[in-house]
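Biologist: I should be grateful for a close look at one part of this model, namely its salt bridges and their surroundings. Please take the structure below as the basis of the discussion.

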Amino acid sequence: MQQQQTSSNKQFRHIYSTFTPLLEKYHPSTRSSLGWRLNVPIDYLPSSHHHLTFSTMDKCTLETCPITESIYQYKPSLAGNAALLAIFAASGIVHCLQYFFFRNGSYSIPMILGCLTEVIGYVGRVLLADDPFSQNGFLIQICCLTLAPAFFSASIYFCLADIVRLFGEEASWIKPQHYAWIFIPCDLVSLILQGTGGGLASVAADKGTDQAPGTNTMIAGLAFQVITLVVFIFLTLGFIVRTMQSRALQEKEMGARPKLPIRRDRLVTFAVPFTVAIVTIFTRCVYRVAELSGGWDGDLIHEEVTFVILEGV
């Protein structure tokens, strides 16, 4: 009897979701009677004019609410998010070993913090894969995955300072130590804005109030990070161009190609991942600004493949 009742409820929910626009044209008591028939609170019933709030989302399950009533409107892939969690965890372990053996704190510590934040964020995604209506899972992943790249950016800033010292300060528009003085505070501002925004959104979610102020603060932090990266990319390209011009002039004067401060193969091994890191972090930040700017009802926030490619990969 219980199984028949459950099956009947599932069928009725499907019919209700399909014909909601027609049903709501009838007497206002229609939704109340439907809620009694399904044995679920009226606020959890789907409606073309009704969307779950953060305060009610956590009370929903896949048995009582359709997946389209969740924030993302899809069930995150367990395999995909678990794989990304494992990759960032492995990367964090590698950076811990690098720090232990080489004591390169200015590079390794931000990378370790970034990997740790990513791991926590994907734990939130895994929770959502199990329960798309999990408020805790949503807040964990939205805060941590938004914050993490700022730590990776900090490591890149320190890397460029070391490169400038290696190839010659005369080719850089600013002194090597100034990279940290300029860009690390910018990173901190970005982190504070994003963290504050996440906190405001979390508090608003608990109270069931408007999350827009928190979301807009997070967007401001991401936008500031994008602007910082644009300036950093401009300075990096300027340094590369001036270094190449200087080496070309030396070759013309000496009649031979000047010797590199490090082996060419090691330079290429470093330059390619360094370039890829800058491009991917920048692309990711632009994507998150566009995603959050569209709000919780935007198109981008409901596309998992786009999220996995531009955020995770």
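Is R165 buried, partly exposed or exposed, and what is its relative accessibility? Please also set out which salt bridge R165 belongs to.

Modeller: The model is a predicted one. R165 has a relative accessibility of 45%, and therefore counts as partly exposed, the class that lies between 20% and 50%. Its salt-bridge partner is D162, with the closest N and O atoms 3.0 Å apart. D162 is likewise assigned to the partly exposed class, because its relative accessibility is 44%. Both residues belong to helix 6, which covers residues 135-167. Three residues separate D162 from R165, about one turn of the helix.

The helix that carries this pair also packs against another. Helix 5, residues 105-130, meets helix 6 at an angle of about 160°, and their axes are 7 Å apart. Angles over 145 degrees count as roughly antiparallel, so helix 5 and helix 6 are placed in that class. The crossing of helix 5 past helix 6 is left-handed. Sorted by class, the residues in the contact of helix 5 with helix 6 comprise 21 nonpolar, eight polar and two charged ones.

The bridge between D162 and R165 should be set beside others, since a search of the whole structure finds six salt bridges. One of them joins E311 to R284, where the closest N and O atoms are 3.0 Å apart. E311 is located in helix 10 (residues 304-312) and R284 in helix 9 (residues 264-293), so this pair ties together parts that are 27 residues apart in sequence. E311 has a relative accessibility of 6%, and so it counts as buried. R284 is buried as well, its relative accessible area being 4%. Both values fall under 20%, the limit below which a residue is called buried.

E311 also takes part in a salt bridge with R288, at 2.9 Å from N to O. Here too the partners come from two helices: R288 lies in helix 9 and E311 in helix 10, so the pair ties together parts that are 23 residues apart in sequence. R288 has a relative accessibility of 1% and therefore counts as buried. Through salt bridges that share partners, R284, R288, E291 and E311 are joined into one network.

In summary, D162 and R165 are bridged within helix 6 and are each partly exposed, whereas E311 bridges to R284 and to R288, with E311 itself buried.

Terms used: Residues are numbered from 1 along each chain as its sequence is written. This is a predicted model: local features need pLDDT of at least 70, side-chain atom pairs count only at pLDDT 80 or more; totals for chains, interfaces and linings use all residues. Side-chain values use heavy atoms; hydrogens and water are left out. A salt bridge is a side-chain nitrogen of Lys or Arg within 4 Å of a carboxyl oxygen of Asp or Glu. Helices (H or I, at least four residues) and strands (E, at least two) are DSSP runs, numbered from the N terminus. Buried means under 20% relative accessible area, exposed over 50%, partly exposed in between (1.4 Å probe, protein chains only). Axes are lines fitted to C-alpha atoms, for helices over the stretch in contact, and angles run from 0 to 180 degrees between N-to-C directions. Angles under 35 degrees count as roughly parallel, over 145 as roughly antiparallel, 65 to 115 as roughly perpendicular and the rest as oblique. A crossing is left-handed if the near helix is turned anticlockwise from the far one by less than a right angle, and right-handed if clockwise. Ala, Val, Leu, Ile, Met, Phe, Trp, Tyr, Cys and Pro count as nonpolar, Asp, Glu, Lys and Arg as charged, and the others, Gly among them, as polar.
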